[in-house]
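Me: I'm new to reading protein structures and I'd like a close look at a single part of this one. Could you walk me through the sheet in the second chain, and one strand in it in particular?

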Amino acid sequence: MYVAVKGGERAIDNAHAFLAEERRGDPAIPELGTAQIREQLRLSVNRVMAEGSLYDPDLAALGIKQSRGDLIEAVFLIRAYRTTLPRFGASRPVDTGKMTCTRRISATFKDAPGGQILGPTFDYTHRLLDFKLLADGQTPPAAATAPANESPLPHITGFLDRDGLIQPETGNAETPPDLTREPMELPAPRALRLQALTRGDEGFILSLAYSTQRGYGRTHAFVGELRIGTVAVEMEIPELGFAVEVGEIELTECETVNQFTGSKTEPPQFTRGYGLTFGQTERKAIAMSLVDRALRWRELGEDDTGAPAQDEEFVLMHADNVQATGFLEHIKLPHYVDFQSELELIRKLRTEAIAARTEAAE
Amino acid sequence: MTDQSYNFAYLDEQTKRMIRRAILKAVAVPGYQVPFASREMPMPYGWGTGGVQVTAACLMPEDVLKVIDQGADDTTNAVSIRKFFQRTAGVATTEATSEATIIQTRHRIPEQALTAGQILVYQVPIPEPLRFLEPRETETRKMHSLEEYGLMHVKLYEDIARHGSIATAYAYPVKVEGRYVMDPSPIPKFDNPKLSDSPALQLFGAGREQRIYAVPPFTRVVSLDFDDHPFDPSKAPHDCDLCGASESYLDEVITDDSGGRMFVCSDTDFCRTRREAGHAGRLGEAQFSSKKIANSFEGICPPTGDEA
């Protein structure tokens, strides 16, 4: 047969072989191991875990390797794998108050019980290319260690809470909806919004958060506390009658404290935004907490200023990069049937328009 | 060859059950968009994940599957989806419309009339016919529930006022059984009449937008129009250059760089069947000229060698 795309099957097979070759790169260069990615590209691994909604550093590293470092593609690989996994049950809520912190900072208090822990951060590095890393890297000398802090670090917003200065966060016994098992329906409860934000694209959430800082739905945020560390994951085992620890995960948690002069329904008080993400992903957690706060305008009796970050439907329907990239890139698939019908339409409209013009000229 | 590491037709049984429930609801309320918990599939959103999930939920081991994209069985994405089900479900596949029990399609309805017992599964990018008039889902759902379709009629009227005719060539809106306005997916409006009173079950899956809807067999589907501007299912004013068919939807193929072009059936199975029955179009010796054209595309896409 005639069709240009005949041979699609062979073309696909050849394209896949070409892709595999490109992925490997120059065979004279040693192949990258997933353990190297997991250990040395940890922040990429963290992002893939956070947006892939699956805490598994080894699989995230595999996704990064397989996707040639395209992180959205890696997130997609993880998501497609995750969705096939059986659900055994739900863990108990993790207690971030008992987090073993590697980093814990507050921008609102100079010091607080437990102290500020700077941890492994780029914050005060000078962004100068370190050409020593170009050469074969040597293992850096071990960083100084302090004795482990065994006492739990209380949440900083807890101090404001005790004085009634911050809007209280009331618990909710309802089982939160699961975004990956039920279709998103709007308006969404906060638990669902937070789920969508934590797996949303880092760049998109970052830009939305930034827009609130520049006046599009301003919420005057300070980082009340940012903490990064490991927490235990516990699960109730019905046969045992008590909870057992099934593992540990690294989390980043950000609580913002937002200036608030009161509204028709709420007294002047500080308000909160919340961000929680897998791994050390602090840009994402901070951005998430700003967007969370902006989306809470209704519950706090604020005005809708029409800012994009206040628009729940706009934010939630466009935050997912796997959905976005799929729909964006699908326009490179064949559309010649649609295009043909457009061609016929344009030809018809043109003929009519030109005929009408000629008639008018006569 | 079935891949043993995944369940039959890839999805786990719980997920298939969830999708089947959505399908049953969709069949019970023709044209209504049923939300469903769409899963991430191993192909990207926009590649037909909704259709693939619906097909996966409908497939039985004895089914015969046909997959088309733009009417053709051999476009890359049709090949990819067919391979996916060969691998994960091991079902028989076919290119013949009459032999298939399930046909997954993107952008076309086969030319050959469908029969009772067949299921046609459409891949849908934007299930909401009102989306480009009202971007908010919360609003459009309200409009559907109140049967508030004035906005759509105003849009069609404005088209006529500005262009003299309705300027929608594909994804032309329809009304199903006198109730819901529905997006028939981006099929050319030429295909719209085939939606109505079909003996086959028509299912529509939108993966990214998490919606399933249906047109059950023998359901009335009317393309929106006005009494003085009736719906016109137009197509290119030509016959197929290969098989001579005058009643099929045509693709325009550019054959050289000096404006040469030919028109050929978009439905490759329909065209092949006609040529095998001895029909020939303008380019007479269909076999001969097809070879010539295939060769001119060789650099882009090598022929598979089965162009009989």
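Reply: Here's a walk through that sheet, strand by strand, followed by a short look at what lies around it. Keep in mind that this is a predicted model.

Let's get the layout first. The sheet in chain B is an open one built from seven strands, and their order across it is β1-β9-β8-β5-β4-β2-β3, with mixed pairing. At the edges you'll find β1 (34-35) and β3 (92-93) of chain B, each of which pairs on one side only.

Now zoom in on β5 of chain B, which sits between β8 and β4 in that order. How covered is β5(B)? Mostly covered: five of its five residues are buried. Look at where the side chains go, too. I119(B), V121(B) and Q123(B) point one way from β5(B), while L120(B) and Y122(B) point the other way, and all of them are buried.

What about the neighbours of this strand? On one side, β4(B) is joined to β5(B) by four bridges, and the two run parallel. If you want a pair to click on, try I103(B), whose bridge partner in β5(B) is L120(B). On the other side, β5(B) pairs with β8(B), again in the parallel sense, over five bridges. Here a good pair to find is I119(B) with its bridge partner in β8(B), L201(B).

Let's move out to the β1 edge. Two bridges join β1(B) to strand β9 (residues 211-215) of chain B, and this time the strands run antiparallel. To spot where they meet, look for V34(B), which stands opposite I212(B) in β9(B).

Helices pack on this sheet as well. Helix α1 (residues 13-28) of chain B touches β1, β8 (201-206) and β9 of chain B, and its direction makes about 45 degrees with that of β9(B). Then there's helix α2 (residues 49-58) of chain B, which packs on the sheet by touching β4 (102-106), β5 (119-123), β8 and β9 of chain B. The direction of α2(B) makes about 155 degrees with that of β5(B).

For a contrast with that covered strand, take a look at G259(B). You'll find G259(B) in the loop between β11 (250-254) and β12 (261-265) of chain B. Is G259(B) buried or exposed? G259(B) is exposed, because it has 7 other C-beta atoms within 10 Å, and a residue needs 12 or fewer to count as exposed. Measuring from C-alpha to C-alpha, G259(B) is 46 Å from A9(B) in space, and the two are 250 residues apart in sequence.

Finally, chain B has a partner. The contact between the chains takes 58 residues from chain B and 43 residues from chain A. On the chain B side, the elements giving two or more residues are α3 (76-89), α4 (137-145), β11, α6 (268-276) and α7 (286-296). Of these, α3(B) gives the most, with four residues. By type, the chain B side divides into 26 nonpolar, 17 polar and 15 charged residues.

As for chain A itself, there are 12 helices and four strands in it, and buried residues make up 34% of its 362 residues. Along its principal axes, the C-alpha trace of chain A spans about 85 × 65 × 55 Å.

Notes:
Residues are numbered from 1 along each chain as its sequence is written. Chains are lettered from A and ligands numbered from 1 in the order in which they are written. This is a predicted model: local features need pLDDT of at least 70, side-chain atom pairs count only at pLDDT 80 or more; totals for chains, interfaces and linings use all residues. A residue is buried if 20 or more other C-beta atoms lie within 10 Å of its own, exposed if 12 or fewer, and partly exposed in between; C-beta atoms are placed from the backbone. Two strands pair if DSSP finds at least two bridges between them. Two residues are in contact if their C-beta atoms, placed from the backbone, lie within 7 Å. Axes are lines fitted to C-alpha atoms, for helices over the stretch in contact, and angles run from 0 to 180 degrees between N-to-C directions. Ala, Val, Leu, Ile, Met, Phe, Trp, Tyr, Cys and Pro count as nonpolar, Asp, Glu, Lys and Arg as charged, and the others, Gly among them, as polar.
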